[in-house]
Amino acid sequence: MVFKRLMQAMGVGGPSVETVLANPNCRPGGHLEGRIQVAGGDHAVDVSYVALGLVTRVEVESGDSEYDTTQEFGRRQVTGAFRLEPGQRHDIPFRFDVPWETPLTDLYGQHLHGMTMGLRTELEVARAVDKGDLDPVAVHPLPAQERLLEGLLRLGFRFARADVERGHIYGVRQSLPFYQEIEFLPAPQYARAINQLEVTFVTDPQQVQVVLEIDKRGGLFTEGRDAFGRFTVDHATVDRTDWAAQLDAWLRQSIQRRGLFF
């Protein structure tokens, strides 16, 4: 009996959790639906709660070093406490709201290199937390985000990679403790002046704040520099602008203003 209680305290023979998503594809501001299946083990337990949260990999700068960590966000508790008898099954339907600032993972059916995203299920029994179930999630762009990215591709920019960085962007309203950077290699017409272009979206229900960062090439007697641009796109009016032409005009103006030419 003492051995059995010890094994129970270690979680042996305890409940199992499996989450089944109706559809793993979503967009920022949308939702994920599914069911959480909790199955009882060989002894009764008191479950404190079941919670869901999105998880992504985040780069952190600390002093002179950088490291990756796992960041949970959009967390939501889907049940309160309940008793789970041996062998009993508890089926929990859910609808999980995806935060508007959720980073993108897929574009035009292609996974963005460098991105990871999953929905994690957490269950607490007797103050011990089980974070066992993690289901991959694909986050696709909203129409406003897609139009901007499409404009860059039309100009000849090529996607390189994407990452998520911890921190806040100066002057931008931001609710999550991190932001995504989508990196592009320059189109041929900009290649003499630009090393790469980084795009960040900070989205809310009405609009998308777009931050562009140009990594400029250095000349023989000059150092490379960064240039920033920021503008806002309304979800309702995004189709009224030729974004390829708009982005081309901003890039040329930004480069020439700083004495760099094509």
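Biologist: Leaving aside its neighbours within four places in sequence, which residues is Pro-186 in contact with?

Modeller: In this predicted model, Pro-186 touches Gly-156, Phe-157, Arg-158, Ala-191, Ile-194, Asn-195 and Gln-196, where a contact requires heavy atoms within 4.5 Å.

Biologist: What is the place of Pro-186 in the chain, and why is Pro-186 called buried?

Modeller: Pro-186 sits in the loop between strand 14 (178-185) and strand 15 (194-203). The term buried applies under 20% relative accessible area, and because Pro-186 has a relative accessibility of 10%, this residue counts as buried. The C-alpha atoms of Pro-186 and Leu-152, which are 34 residues apart along the chain, are separated by 9.4 Å.

Biologist: How many aromatic pairs does a search of the whole structure find, and what makes the pair of Phe-73 and Phe-178 edge-to-face?

Modeller: The search of the whole structure finds four aromatic pairs. One of them joins Phe-73 and Phe-178, with 5.2 Å centre to centre and 80° between the planes; since centres must lie within 6.5 Å for a pair and planes over 60 degrees apart count as edge-to-face, both conditions are met and the pair is edge-to-face. This pair links distant parts of the chain, with Phe-73 in strand 5 (residues 65-79) and Phe-178 in strand 14, 105 residues apart. Phe-73 and Phe-178 are both buried.

Biologist: How do you know that the pair of Phe-159 and Phe-184 is edge-to-face?

Modeller: For Phe-159 and Phe-184 the values are 6.1 Å centre to centre and 80° between the planes, which can be set against the limits of 6.5 Å and 60 degrees, and the conclusion is again an edge-to-face pair. Because Phe-159 belongs to strand 13 (residues 158-166) and Phe-184 to strand 14, the pair ties together parts that are 25 residues apart in sequence.

Biologist: Why is Phe-159 called partly exposed, and is Phe-184 buried or exposed?

Modeller: Partly exposed covers the range between the buried limit of 20% and the exposed limit of 50%, so Phe-159, with a relative accessible area of 28%, is partly exposed. Phe-184 has 1% relative accessibility, and because this value is under 20%, Phe-184 counts as buried.

Biologist: What share of the residues in the protein is buried, and how many helices and strands does the protein have?

Modeller: Buried residues make up 46% of the 262 residues, and the protein has three helices and 17 strands. Among contacts between residues at least 6 apart in sequence, 63% join residues at least 24 apart.

Note on methods:
Residues numbered from 1 in each chain as written. Predicted model: local features only at pLDDT ≥ 70, side-chain atom pairs only at ≥ 80, totals over all residues. Heavy atoms only, no water. Helix = DSSP H or I, 4+ residues; strand = E, 2+ residues; numbered from the N terminus. Buried < 20%, exposed > 50% of the residue type's maximum accessible area, 1.4 Å probe, protein only. Phe/Tyr/Trp six-rings, centres within 6.5 Å; stacked < 30°, edge-to-face > 60°.
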